[in-house]
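The following report describes the sheet, the helices that lie across it, and two loop residues with an unusual backbone angle.

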Amino acid sequence: MTQPAPTPVVRRVDARHRYEILVDDKSAGFTAYRDRDDRRVFFHTEIDDAYAGQGLASILVRKALDDVRGAGLRIVPVCPYVAKFLEKHEEFADLADPVDPEVVEWLDGVLKR
């Protein structure tokens, strides 16, 4: 008898500025952000190779965007994965602000890169 696949859990970890996705209580990946005024700027999404191909990035980003909507914030999709997700999921289009040079420069300063 095969075991059902574990249900992934997404949690916001404010101290680390990211949302994490866990499978069987093990971290499987994250999407990182920084807040600027009323906008959550997403800049990097990563899924561990051991969990690749399971659709976890999509689950992670969807839950993160649901959380942003619930908080009354807007998003800026600097992260290429988040930007691509938004192209495919128009139900989140009303949350997105364009990525402009000012935001990128601000983010680079915050991340010291």
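Buried here means under 20% relative accessible area, exposed means over 50%, and partly exposed lies in between (1.4 Å probe, protein chains only). This is a predicted model, in which local features need pLDDT of at least 70 and side-chain atom pairs count only at pLDDT 80 or more, while totals for chains, interfaces and linings use all residues. Residues are numbered from 1 along each chain as its sequence is written, and side-chain values use heavy atoms, with hydrogens and water left out.

Helices (H or I, at least four residues) and strands (E, at least two) are DSSP runs numbered from the N terminus, and two strands pair if DSSP finds at least two bridges between them. Five strands make up an open sheet of mixed pairing, in the order β1-β2-β3-β4-β5. Because β1 (9-13) and β5 (74-77) each have a single partner strand, they stand at the edges with one side left without a neighbour in the sheet. β1 pairs with β2 (residues 18-23) in the antiparallel sense over five bridges, and Val9 has Leu22 in β2 as its bridge partner.

Helix α1 (residues 56-70) lies across β1, β2, β3 (26-36), β4 (39-47) and β5, at about 165 degrees to β4; axes are lines fitted to C-alpha atoms, for helices over the stretch in contact (heavy atoms within 4.5 Å), and angles run from 0 to 180 degrees between N-to-C directions.

Most residues other than glycine have a negative phi. Two residues with a positive value are listed here.

| Residue | Phi | Loop | Relative accessible area |
|---|---|---|---|
| His17 | about 55 degrees | between β1 and β2 | 31%, partly exposed |
| Asp24 | near 55 degrees | between β2 and β3 | 52%, exposed |
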